[in-house]
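Please open the structure in your viewer and keep the selection tool at hand. The tour below moves from place to place, saying at each stop what to select and what can be found there.

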Amino acid sequence: MRTLMKAALLLVALSTAACTNPNRFGGGNTVDLNANGADGAMGGVNDPTSPAYFSQTVGDRVLFAVDQSTLTPEAMVTLNGQAQWLLTNSDYLAVIEGHADEQGTREYNLALGARRANAVREYLISQGVPASRIRTVSYGKERPIAVCSDESCYTQNRRAVTVISIGSLS
Amino acid sequence: MSPGQYISGVSHVALISWLLIGWGLNHEPLDFEVIEVAMVSGEEYDQLVRATTPNPLPDAPDAPAVPAIEETPTPPATEPDVAPAQDTPSPTEAPAEEAPPPAPPAPPTPPAEVQENVPDLVQPVEPPSAADLTESPRPVPRPSPRIADTPAPPPPPEAETAPEVQVEVAPDAQETPEVAEEAQEATAPQEAAPEIVTEAETPSGAVETSVRPRSRPNRPAPQPAEPETRTAEAPAPANEAPQEDAVAAALADALASAPQPTSAPAGPPMTGSEREAFRVAVNGCWNVDPGAEWARVTVTVGFDLGQDGKVVGNTVRLLSSTGGTAAQAETAYQTARRAILRCQGSGGYDLPADKYDHWKEVEITFDPTGMRLR
Amino acid sequence: MMKRLLALFLALMLAGPLAAPVMAQNGPLRLTITDGVIEPLPFALPVFQAETAGSEQMAAQISQVVADDLVNTALFRQIPASAFISQHSSFAQSVSYADWRAINAQALITGAVSVSGNQVVVKFRLYDVFSGTEMGDGLQFVGSVDGWRRMAHKVADTVYTRVTGEGAYFDSRVVFVSESGPKGDRQKRLAIMDYDGANIQYLTDSAALVLAPRFSPTGDRVLYTSFESGFPRINVLDVANVGRQQITTAPGEMSFSPRFSRDGRQVIYSLSNGGNTDIWRTDLATGQNTRLTSAPSIETAPSFSPDGSQIVFESDRSGSPQLYIMSADGGEARRISFGDGRYGTPVWSPRGDLIAFTKQNAGRFHIGVVRTDGSEERLLTSSFLDEGPTWAPNGRVIMFFRETQGASGAPSLYSVDISGRNLRQVATPSFASDPSWGPLQR
């Protein structure tokens, strides 16, 4: 039970790390999946089976239009790659985080993030990824990746990020 | 010595002697009420908080919450009662204390003051923390009274909001609420006005209204032409209408506009401008809070004036009210009464002495509904 | 009454064929006033007497808090002591109204404080200066030294209620989210404070993201959303009892945006499953969950009416977020927001007549109020981001949070009168958001 809990916490820590400002864990021995050229315990960018490869080369995120959860053609291309990767690397599980920009109330954005995450999940399932390997979570507007208050940042924040990890989904 | 002076003299003597003798006696024994307040002391509070804070662990989601809540240790509330306040000093209180002790809900508030409350509140805290949290022998760190326990001191200086807010102020023109401290009169409305204007129209007017009355006195001046003929109920009939007693109002109107020929002893009726001046004098003191619930209540208040233009004794009385609850009507009445009493100043209202019979008795309808913010 | 009869009588006379030449006497002078002035009511508050040696400081502090409470409503104005003609040197002393009239004080508040050991006794009287009478009886509060601020708030509450006829709210607390750290990595924890920002205490640490705490109607419990499990889940925190309860949510589901019913027995909240968010109700005692909406749209931010019969919520079923009201058991909903823009976080006023909301329009956010039938919408504030209104226990004041713009943007708490006046920041030691105003304390 304890270890299970720990695993879950680790998962959370990893997922949080992946979706937010890369600098916040600067230094230390935390593995930052987003950092350029990360070459840590989980494999380097050049290793096609590594999470780093997934996030850097395949692309771990898709963006959305204002107030939308519909996947764009570009997003589908990215997700095709994700699905391919997940099918190839079947040891990995995925948590899809839905996010929103800061224009909107907390509650609505949580719901909107849930919609976005689910849109990604359903697409991946449609591409053959087993539903049991994918979970979703919404952070609403709580974890912006870009912090300015204009469209250049909002675009980046309206996103769904696929965070992959080894192990069970609790 | 005219009869008038004679009467006046006598009544003044009576008034003065009443003030000297009667008033003092009547008002000395002011009522006094003693209330015990159940206070959560800082210590107790800390116990609560301490108990809560240190277990952010995901365990302990047990349900004791629900049952425990039902019987919240409602501390002896602010029930007016009891405690023959041994220590109330003023001798004046003595008689009053006799009165209050009807104390119906005897059980909750025994005279034992704070002691009573302290255990009440402590109990819920201690036992559960002992019982439920067996796993975590955490209650240990309870060294000093209160400041100590806050888990981590609030991120103080760098978190200072000031600089940030400043930044925001710049782009946002008139957003300087904090400054409102000393002059909130000036600042707050400023802030309010522009916003309301954007959407709803009327409310902003409220702020300006305070100015409006002042300009009024001038207005009637040009039109005193239509003077004596009718005892101008005319300017106000529209407002008279909403009165609860429509019939009476209508009749009053009828009366007013009626010929009313023979006011022999009273001298000529008041002119429109005289009435207007009086009205303006009172409404300058009528302080309306448009956000208050009583602002939906229209009250008609009557009072008598002496020949000096001052309100006679305790003649201010509520004649009728429309809208709202009894309590709201009472507040509306108190506000109107304050206006009437306050604006007479020290010299009384300035009214034409030769027309005393026309204004010795006054009825004013205070209708704030137009000012109310719905 | 007499007067009415008389009027009736006279009217009858008039109505008769012979207009009476009898009418010798004049009726009262009748006037109607529809325009008052809107200005704070001036009051005088001589520093409360210290009745025991060494209680001077306590007396001064209490006097200050009483005055601050009143002045901060903007409905009252304090007359500086330098203007006083008569110095009120003893609590028992009778009041010379003329002296207070002369400085135009409409209300006079006198008081005395004595301290013995850990006990404080505060007495006060309230006078209506121009009527020359006392408003209500004198009152005495007894409490512990630590609770002195509460006693001051009680005094102010009593004065406020007696003068305005409205419910009190100074002796109340607010639960909110205390924030720190950079915008991209905000640390959040639950905190509780007096309505005026004093006596802050923290209820959780910042290990997990916490959102939107909501007081129970009795103020003994707090609902909030926590990411402790990695997923948003609703917790009930028993302030007095330590206990914590989680509202059951199946794996894969997220729950958030909870609020208590008026009796504190039920919680309505949003549950998100498969990307769709609907409103549910749970009975805390039985754990029974009831689904209240089932539309493919987003339904969130529910709030009960004071009588518990209805629920106002936010839904984008029309294409953009708008406000709707439905029965507490679900079913048909009627829309109540019709202006331009997007509406969210509706909260029913404790008076029952208004609903406060957050509105987003043309790049600005507003806090506004609207009647429950959707009429008479009024916006009270405007800024880059105003959000999350909560009502004072008397339904007169709204607290919310305002977030500033840009990378260094951060939230802080504000309050505003429902008239749209008197916008003020509530001082907190760190960033603050998501306030929820608790009930008046007993």
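How many bridges join β25(C) to strand β26 of chain C, and do these strands run parallel or antiparallel? Select residues 364-371 of chain C, which form β26, together with β25(C), and you will find eight bridges between two strands that run antiparallel. Please bear in mind throughout that this is a predicted model.

**First stop: a run of strands in chain C**

Stay with β25, residues 354-361 of chain C, and colour the strand by burial: it is mostly covered, with seven of its eight residues buried. To see one rung of its pairing with β26(C), pick C:Lys359, whose bridge partner in β26(C) is C:His366. The hairpin of β25(C) and β26(C) has two residues between the strands, and C:Ala362 in this hairpin takes a positive phi near 50°.

Next, add β24, residues 342-348 of chain C, which is joined to β25(C) by five bridges, the two strands running antiparallel. Here C:Arg342 is a useful residue to pick, since its bridge partner in β25(C) is C:Gln360. In the hairpin of β24(C) and β25(C), five residues stand between the strands, and C:Gly352 takes a positive phi near 90°.

**Second stop: an open sheet in chain C and a helix from chain A**

Now select β20, β21, β22 and β23 of chain C, which in that order form an open sheet of four strands with antiparallel pairing. The edge strands are β20 (299-304) and β23 (330-335) of chain C, each of which pairs on one side only. From one strand to the next, the twist averages 30°. For a closer view of one pair, show β22, residues 322-327 of chain C, beside β23(C): four bridges join these strands, which run antiparallel, and C:Met326 has C:Ala333 as its bridge partner in β23(C).

Keep this sheet on display and bring in α4(A), which packs on the sheet and touches β20 and β21 (310-315) of chain C, its direction making about 145° with that of β20(C).

**Third stop: where chain A meets chain C**

Widen the selection from α4(A) to the whole contact between the two chains, in which 31 residues of chain A are in contact with 34 residues of chain C. On the chain A side, the elements that give two or more residues are α1 (2-19), α4 (106-126) and β5 (134-140). Of these, α4(A) gives the most, with eleven residues. If you colour this side of chain A by residue class, it divides into 15 nonpolar, nine polar and seven charged residues.

With chain A selected by itself, you can count five helices and six strands, and reading along the sequence gives the pattern α-β-β-α-β-α-β-α-β-α-β. Chain A has 170 residues, of which 48% count as buried. Among its contacts between residues at least 6 apart in sequence, 62% join residues at least 24 apart.

**Fourth stop: a sheet shared by chains B and C**

Which strands should be selected to see an open sheet in the order β3(B)-β2(B)-β4(B)-β1(C)? Select those four strands, three of them labelled B and the last labelled C, and note that their pairing is mixed. The edge strands, each pairing on one side only, are β3 (317-322) of chain B and β1 (29-33) of chain C. Neighbouring strands of this sheet are turned by 20° against each other on average, direction ignored.

At the place where the two chains pair, β4 (residues 361-366) of chain B is joined to β1(C) by five bridges, and these strands run parallel. Pick B:Glu363 to find its bridge partner in β1(C), which is C:Arg30. Then show helix α12, residues 272-283 of chain B, which packs on the sheet and touches β4 of chain B together with β1 of chain C, its direction making about 50° with that of β1(C). Helix α13, residues 326-343 of chain B, lies across β2 (298-304), β3 and β4 of chain B, and runs at about 40° to β2(B).

**Last stop: the domains of chain C**

Finally, colour chain C by its division into domain 1 (41-164) and domain 2 (172-440). The C-alpha centres of these two domains of chain C lie 36 Å apart. Their contact takes four residues from domain 1 and seven residues from domain 2. On the domain 1 side, the contact residues are one nonpolar, two polar and one charged.

Note on methods:
Residues numbered from 1 in each chain as written. Chains lettered and ligands numbered in written order. Predicted model: local features only at pLDDT ≥ 70, side-chain atom pairs only at ≥ 80, totals over all residues. Nonpolar A, V, L, I, M, F, W, Y, C, P; charged D, E, K, R; others polar. Domains from an automatic or database assignment. Pairing = 2+ DSSP bridges. Axes fitted to C-alpha atoms, helices over the stretch in contact; angles between N-to-C directions. Buried ≥ 20, exposed ≤ 12 C-beta atoms within 10 Å, placed from the backbone.
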